[in-house]
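The following exercises concern a structure of two chains. Each task is followed by a solution that proceeds step by step.

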Amino acid sequence: MLFWFEIFKTFRRWRTYISFTVIALIVILTEVVMKLSAGEVVHRMLRPFQRDFLITGNILNAWFVTAFIMNSLHIHIPFLITLVAGDMVSSEATSGTIRFLLIRPPSRGRIITAKYLTALFYTAILVIFFALVCVLLGVPLFGSGDLIIHHYGKFDIAFIPESEIPLRLFFAFAAAIWSMSVVASIAFLFSTLAENSIGPIIGTMAVVIVFLVLGNLPLDFFRNMKPYLFTTYMINLWQQFLNLRIPWPEIGRSAIILGLHNVGLFLIAFFVFKRKDIKS
Amino acid sequence: MKKIWLGFCVLFLLWPHWTQAQEDAFRYLEPIEKKYAGLKDYTADGVVHFDIETFKAPDMGVKLYYKAPDKMKVESKRILFFPREGGFFNPSLFKKEGFEIKFLERFTYEGARAVKLQLTPQKPKRNTKEWVVTIDTDHNLIREIGITQYDGREIKAVIHYGTFDGFELPFHIRLTLDLPSFETEGPKEFDQWVQKPKRVTGTIDIRYSNYKVNRGLRDELFVNPEGEK
């Protein structure tokens, strides 16, 4: 009941729909521009191969475009998640409703759990919306076909047969939800610590960006640090489903590490909220 | 002055031998040219199998169209990567005109007498620097083609023949690739700056079947291949 009440509160706010609008805009713009400059996209992508191979077929298909847009998932989706997850508890403090909320019968534990589940629900809905827009717009615009995964500028390519793609994308988006739930958990924790919403949003984005940058610096010190950064597993998790052979053990390991992050972050948020002083 | 005269004399004495060697080399190509003079066009179904570490692709079906002397087209229901060099049989490729030909060696190839020739195009043909061709002189067949390109690409084709509609045509071509690493002008990933580029090596096997020879393929078939990149 509390959970649905929180869902109602969250989805009643216009701010919640900013994320959906932004995602729709990004996907529509990207797909339309890719459609208009299809030749350029394909030429750039296939440049290492064109000298040695005659290439035919629908390479720039809906699945390729979806995977292409998914590659930017770790940049713009975290920001859109923090807009709502970072506001879950702090908005109550900002608007002064936290005291009214906490003097009602439900315990603090139940309230914070309901709010956290709402943040996760919102994250899942956002990624599902992202997937639906990508695919529903992509299929009529670009058609279907095998999915080519390549590394830009390298002679490195993998084909995923068309028949396997829907299931793989389903898993990839499910993994993306799981990955993004860590971002939601960080934003949620910061939200319990702050009295306004700006801090959790900026704080979460700072953590994500710093971790992403550190994890990609080509120095041994940072390479050694990579296994300790949640962003390493966050990106790896869903991308593994678009490898030729799905590395299930590695996926399982990443999923467990991200899950432990979620549990740890939620427990901290739980105890912070339980001990929160609302009298001052 | 004496040395210059001596040089001229040596050149004068060697010239006939050199031209003789050219003539000898030509005579290995002529029978092949004659053998396939009646081959005006053909179509074949093929299956392309890749064994390249960085090219993970399932087997690809291909429909190949060829019309003499140099028209070629490939079609596929799905995405197709078809090797540009050495992947199909073109009997007109080594017409003796347009090449400087050097005889390299005579040897036995799979029980048949064979010669190896080095063909250097007089006018640049795409990026190819030279071909080294192994000819089975007993059967007048090109058994192997080694292609060396200016940018360090090396491709070797080994061809196995069957008889289709009265012509000996390949049923299997194995390409062995040794290609330089690729660089593009686009943005690089961090890793690309620190990794030493590796050469790309591997094999491509193409198996042909269902040949249809001299069916009168129209030129329009080869105009503006749909979707070809």
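**Exercise 1. Backbone outliers in chain B**

In which segment of chain B does Asn214(B) lie?

Solution. The model is predicted, so local features need pLDDT of at least 70 and side-chain atom pairs pLDDT 80 or more, while totals for chains, interfaces and linings use all residues. Residues are numbered from 1 along each chain as its sequence is written, and chains are lettered from A and ligands numbered from 1 in the order in which they are written.

Step 1. Asn214(B) belongs to the segment after β12 of chain B; helices (H or I, at least four residues) and strands (E, at least two) are DSSP runs, numbered from the N terminus.

Step 2. Most residues other than glycine have a negative phi, and most peptide bonds are trans. Asn214(B), although not a glycine, has a positive phi of about 55 degrees. Asp165(B), in the loop between β10 and β11 (167–179) of chain B, likewise is not a glycine and has a positive phi of about 50 degrees.

Step 3. Burial is judged by the other C-beta atoms within 10 Å of a residue's own, placed from the backbone: 20 or more means buried, 12 or fewer exposed, and anything in between partly exposed. Asn214(B) has 14 C-beta neighbours inside 10 Å and therefore counts as partly exposed. Asp165(B) is exposed because it has 12 other C-beta atoms within 10 Å.

Step 4. The peptide bond from Ala68(B) to Pro69(B) is cis, with omega near 5 degrees. Pro69(B) sits in the loop between β3 and β4 (71–75) of chain B.

**Exercise 2. A loop arginine**

Determine whether Arg153(B) is buried or exposed, and what it is in contact with.

Solution. Step 1. Locate the residue: Arg153(B) is in the loop between β9 (141–149) and β10 (154–164) of chain B.

Step 2. Count neighbours: Arg153(B) is buried because 20 other C-beta atoms lie within 10 Å.

Step 3. List partners, where contact means C-beta atoms, placed from the backbone, within 7 Å. Neighbours within four places in sequence aside, Arg153(B) is in contact with Leu179(B) and Pro180(B).

**Exercise 3. Strand pairing within and between chains**

Which strands pair with β1 (residues 41–52) of chain B, and over how many bridges?

Solution. Step 1. Apply the criterion that two strands pair if DSSP finds at least two bridges between them. Chain B offers two helices and 12 strands.

Step 2. β1(B) pairs in the antiparallel sense with β3 (residues 60–67) of chain B over eight bridges; here Val48(B) stands opposite Met60(B).

Step 3. β1(B) also pairs with β12 (residues 200–213) of chain B, antiparallel, over 10 bridges. In β12(B), Asp205(B) is the bridge partner of His49(B).

Step 4. Pairing also crosses the chain boundary: β1 (residues 53–56) of chain A and β5 (residues 80–83) of chain B are antiparallel over four bridges, with Leu54(A) opposite Phe82(B).

Step 5. In a regular strand the side chains alternate between the two faces of the sheet. In β1(A), Phe53(A) and Ile55(A) point one way, Leu54(A) and Thr56(A) the other, and all are buried.

**Exercise 4. Helices of chain A**

Compare the spans of helices α13 and α3 of chain A with their expected values.

Solution. Step 1. The expected span is 1.5 Å times one less than the number of residues.

Step 2. α13 (residues 248–274) has 27 residues and reaches 38 Å from first to last C-alpha, close to the expected 39 Å. Its buried residues, including Leu258(A) and Phe266(A), pack against α8 (108–142), α9 (165–193) and α12 (230–239) of chain A.

Step 3. α3 (residues 38–50) has 13 residues and spans only 16 Å between its end C-alpha atoms, against 18 Å for a straight helix.

Step 4. α3(A) has a kink of about 45 degrees at Arg44(A), shortly before the proline Pro48(A); the bend at a residue is the angle between axes fitted to the seven residues ending there and the seven starting there.

Step 5. Val42(A), Met45(A) and Pro48(A) are buried in α3(A), and what covers the buried residues of this helix includes β2 (147–150) of chain A.

Technical notes: Two residues are in contact if their C-beta atoms, placed from the backbone, lie within 7 Å.
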